[in-house]
Amino acid sequence: IVQKMSNMNWKEILRKLEKRKQWDAAIEFMQEVIRMNPYDMDAYIAINYFFMNLITEEDYNTGKQDYYIELAHKYLDEPYEKFSDNPEYLFFTGITSKISEWFLDIKADDITRMLNKALTLDPDNLLYLWGNYSCLNARDLENINLMASCAQKVIKDFAIVAFLKSKGAVGEYLLEIQLKPVSKKIEDFV
């Protein structure tokens, strides 16, 4: 598979492996991508989302669950030293960690700190603002309205949508599962 990488973008190859539910091949492939490019932040973002999604949403050999969880922790910890001051990394890692915080024993405070730091580092970023609202009390109508209003602005911003689409599966997740449904909910109240 790695030989194909010269002809294709690694994100496309990963996407094909995910669609075929070839989990172990996808893991091996991404490990090689990271080994060859240890400072490719997008590769770490992709593998983080891959594990969060695999463990919480997909069918897999449950006999490998501990192995997958161990790798998920590795790929959460390893890049943090490299990218802990990069708002993009902090945002995506925080958002993907929310998917499986209970499963991987990730503390909600750590997620909130990552998302807050991303916004502090890039305070004008609408996507990071939405990420921070998503951590607020989900039972508070004012917080829900702020998050939904921000989500509406995000999905109407062509540059942000194009950016998210360039991120592969994690971008699709944010657009389809997180942002559009929240945006739709506020339209129902209006």
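Okay, before anything else, one bit of bookkeeping: when I split residues into classes, Ala, Val, Leu, Ile, Met, Phe, Trp, Tyr, Cys and Pro go in as nonpolar, Asp, Glu, Lys and Arg as charged, and the rest, Gly among them, as polar. I start there because I want to open with a pocket lining. And please keep in mind that what we have up on the screen is a predicted model.

So, the second largest pocket. Its volume is about 250 Å³. Thirteen would be the head count around it, or as I have it in my notes, 13 lining residues, with R15, Y49, N53, E58 and A169 closest to the centre. Helix 1, helix 3 and helix 10 each give two or more residues to that lining, and helix 10 has the largest share, with five. Now the classes: seven of the lining residues are charged, five are nonpolar and one is polar.

Hold on to R15 there, as it comes back in the salt bridges. How many of those does the structure hold? The count is 11. In one of them R15 pairs with E172, and the closest N and O atoms sit 2.7 Å apart. What I like about this pair is where the two ends are: R15 is in helix 1, residues 10-19, and E172 is in helix 10, residues 169-189, so the bridge ties together parts 157 residues apart in sequence. On accessibility, R15 comes out at 26%, which is partly exposed, and E172 is partly exposed too, at 35%.

Next pair: D24 and K64. Here the closest N and O atoms are 2.2 Å apart. D24 belongs to helix 2, residues 23-36, while K64 is in the loop between helix 3 (41-57) and helix 4 (65-83), so this bridge joins parts that are 40 residues apart in sequence. D24 has a relative accessibility of 26%, partly exposed, and K64 is at 27%, also partly exposed.

For a local one, go to helix 4. Which two side chains meet there at 4.0 Å, N to O? That would be E78 and K74. Both are in helix 4, four residues apart, so to speak about one turn of the helix. Both ends are partly exposed, E78 with 29% relative accessibility and K74 with 38%.

And then there's a network: K11, D42, E88 and K167 are linked to one another through salt bridges.

While we're around helix 4, let's do the largest pocket. There's about 290 Å³ of space in it. It has 15 lining residues, and the ones nearest the centre are D77, Y80, I106, D110 and M114. Which helices supply at least two residues each to this lining? They are helix 4, helix 5 (87-99) and helix 6 (108-121). By class, six of the lining residues are nonpolar, six are charged and three are polar.

Staying with helix 5, let me point you at G94, which sits in that helix. Buried or exposed, what would you say for G94? Buried, with a relative accessible area of 0%. Leaving out residues up to four places away in sequence, G94 touches I111, M114 and L115. M114 you've already met, as one of the residues nearest the centre of the largest pocket. There's also a backbone number: the C-alpha atoms of G94 and A118 are 9.2 Å apart, with the two positions 24 residues apart along the chain. To put that properly, G94 and A118 are 24 residues apart along the chain.

Last topic, the backbone in the loops. Most residues other than glycine have a negative phi. Two residues here go the other way. K21 isn't a glycine, yet its phi is positive, about 60°. You'll find K21 in the loop between helix 1 and helix 2, and at 47% relative accessible area K21 is partly exposed. The other is D105, with a positive phi near 55°. D105 is in the loop between helix 5 and helix 6. With 64% relative accessibility, D105 counts as exposed, since the cut-off for that is over 50%.

That's my tour, so over to you for comments.

Terms used: Residues numbered from 1 in each chain as written. Predicted model: local features only at pLDDT ≥ 70, side-chain atom pairs only at ≥ 80, totals over all residues. Heavy atoms only, no water. Buried < 20%, exposed > 50% of the residue type's maximum accessible area, 1.4 Å probe, protein only. 1 Å grid on protein atoms, 1.4 Å probe; cavity = no way out; pocket = protein on both sides within 12 Å on 5 of 7 lines; lining within 4 Å. Points joined across faces, edges and corners; volume = space filled by probe spheres on them. Contact = heavy atoms within 4.5 Å.
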